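Here is a structure for you to look through at your own pace. Have it open while you read, and look up each residue as it comes along.

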Amino acid sequence: MYDCIIVGGGPAGGAAAYHLARRQRSVLVLEKAALPRSKPCTGAVSPTVGQWFDFDFQPAITDTTRTVRYSWQLSEAVEAELSIPEPIWLVERRVFDQYLLQQAQQKGAILIDQTPVTGITFQGDYWQIHTATTTYGARYLIAADGANSQMAQWLGFKPKVGRTAAVMTVPNPTGDRAAHFEFGLVKNGYLWSFPKGDQRTVGVALVRGSDRANWEPILQQYCAAHGLQLANCPIQYHPLCVWEGQQPLHTHHALLVGEAAGLVDPFSAEGIRPALYSGMRAAEAIDAALGGEADALATYSKTLQEEWGTDLVWAQRLAGLFHRMPGVGYRLALKRPSATQRLGQVLCGELRYRDIAGRAIQRLSSALIPGR
């Protein structure tokens, strides 16, 4: 019988495992894939996450950058340097996720990969987690199995709206070191491109509106315009579930974390930082519950709503207004010299969306009203 079983070995699951294990709790992580495994993802991580852990992430960082470039329909480019204490980390998920799990294992967590969960049963005061070969028992359960969370559905949570995102890795013959965000080619989203060593990851994120299943033509258009070779570089499609408003993240003896909880920024599509944060807070909550605190899991939901969800509501409002007329939004907001600095401060936790959204929304709203 474990204190906690975590289903899913991504950043949220790894963070929860690490913080529970360092508190001397017995932890089992079940991961359906063979580890290390690749994961389609931007791989951009705010260095602020380092303060939530007592080990050095440097071995898991592939590249860094301070330079951000924006463009509108492959033109009107602007470039700026982030004035933040540390450059943005750029990581390969197969390395980053594995490294985090290894830190958890060093603290005593047990990891079993290639083990899909086939069902769950609550037995009075503990969970049974079923696999094809074994049934495991735990007093508490964490669902960290991503955007298409089967665990969340089994636990009785409503399915979340998933949109199709796409990622590919291509050679970087130009040596460009900037993080690039392209607007105007993708309705209700954006295209991004980040350096990672001698390669670049290029992808599409859709944050609102109707879904689209095939992003290859737009990726081809972008790569051709930037001298990037698309041939023989497979496109990986994956679901993306952005925050859709206040919602409970706990049920009886169980918590949702990361994308299973819908904790993806609806403006930037950032997912790793909220995943790590939710994993850390989930570990604190379960540790408190194991210690006899009756309201610990409800406190987790409240904490995530207050410290993350309320701010993501501002991000949602900002995204909704921006994508109503993205060309106007691009020229009035993102092309302003202060925009990159403000977004960098949000990414690093120095500012919240609520600190910047009011003025940005006022500026965009004025532009959308005839005669203003």
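What follows is a walk through a sheet, some ring pairs, the cores, a few helix residues and the salt bridges.

Keep in mind that this is a predicted model.

**A small sheet**

Let's start with three strands that make an open sheet, in the order β3-β7-β4, with antiparallel pairing. At the edges sit β3 (44-45) and β4 (63-65), each of which pairs on one side only. Take a look at β4 and strand β7 (residues 88-90): three bridges hold this antiparallel pairing. Here D63 stands opposite L90 in β7. Remember D63, as this residue comes back further down.

**Rings meeting rings**

How many aromatic pairs does the structure hold? There are 22 of them. In one, the ring centres of Y18 and F55 are 5.0 Å apart and the planes sit at 75 degrees, so this pair counts as edge-to-face. It brings together distant parts of the chain, since Y18 belongs to helix α1 (residues 11-21) while F55 is in the loop between β3 and β4, 37 residues apart. Are these two rings buried or exposed? Y18 is buried, at a relative accessible area of 2%, and F55 is buried too, at 14%.

Another pair to find is F267 with F322. Their ring centres are 6.1 Å apart with the planes at 80 degrees, so this one is edge-to-face as well. Again distant parts of the chain are linked: F267 is in the loop between β18 (254-256) and α5 (272-290), F322 is in helix α6 (residues 296-324), and 55 residues separate them. Both F267 and F322 are buried. They also belong to a cluster linked by ring pairs, whose members include Y70, W72, F181, Y330 and Y353.

A charged side chain gets in on the act too: R317 lies over the face of W314, 4.7 Å from the ring centre.

**The nonpolar cores**

In soluble globular proteins, nonpolar side chains tend to be buried together. The largest nonpolar core here has 75 residues, and I5, I6, L141 and I142 touch the most other members. Helix α5 gives this core its largest share, eleven residues. What does I5 touch, leaving aside neighbours within four places in sequence? Its contacts are L28, L30, I129, Y136, G137, A138, Y140, L141 and I142. There is also a second, separate core of 32 residues, with L82, A165, L240 and V346 among them.

**Stops along the helices**

Now for a few single residues. Q153 is in helix α3 (residues 150-154) and is partly exposed, at 44% relative accessibility. Although Q153 and A260 are 107 residues apart in sequence, their C-alpha atoms are 9.7 Å apart in space.

Over in helix α6 you'll find S301. This residue is buried, with a relative accessible area of 5%. Beyond neighbours within four places in sequence, S301 is in contact with P248, L249 and H250.

Helix α8 (residues 337-347) has A339, T340, Q341, G344 and V346 as its buried residues. Just after α8 comes G349, with a positive phi of about 80 degrees.

**Salt bridges**

Side chains of opposite charge can pair when their charged atoms come close. This structure holds 14 salt bridges, and three of them are set out here.

| Salt bridge | N to O distance | Separation in sequence |
|---|---|---|
| R37 and D97 | 2.9 Å | 60 residues |
| D63 and R177 | 2.0 Å | 114 residues |
| E76 and R331 | 2.8 Å | 255 residues |

In the R37 and D97 bridge, R37 is buried at 10% relative accessible area, and D97 is buried at 2%. R37 comes from the loop between β2 (27-30) and β3, and D97 from helix α2 (residues 93-106).

Here D63 returns, this time with R177 as its salt-bridge partner. D63 is buried, at 13% relative accessible area, whereas R177 is partly exposed, at 35%. R177 is in the loop between β12 (163-171) and β13 (179-183).

As for E76 and R331, E76 is in strand β6 (residues 75-81) and R331 in helix α7 (residues 326-334). E76 is partly exposed at 28%, and R331 is partly exposed at 40%.

One last thing to look for is a network of salt bridges that links R69, E79, D176 and R200.

Technical notes:
Residues are numbered from 1 along each chain as its sequence is written. This is a predicted model: local features need pLDDT of at least 70, side-chain atom pairs count only at pLDDT 80 or more; totals for chains, interfaces and linings use all residues. Side-chain values use heavy atoms; hydrogens and water are left out. Two strands pair if DSSP finds at least two bridges between them. Helices (H or I, at least four residues) and strands (E, at least two) are DSSP runs, numbered from the N terminus. Rings of Phe, Tyr and Trp (its six-membered ring) pair if their centres lie within 6.5 Å; planes under 30 degrees apart count as stacked, over 60 as edge-to-face and the rest as tilted. Buried means under 20% relative accessible area, exposed over 50%, partly exposed in between (1.4 Å probe, protein chains only). A charge sits over a ring if NZ of Lys or CZ of Arg is within 6 Å of the ring centre and within 35 degrees of the ring normal. A nonpolar core is a set of buried Ala, Val, Leu, Ile, Met, Phe, Trp, Tyr and Cys residues joined through side-chain atoms within 4.5 Å. Contact means heavy atoms within 4.5 Å. A salt bridge is a side-chain nitrogen of Lys or Arg within 4 Å of a carboxyl oxygen of Asp or Glu.
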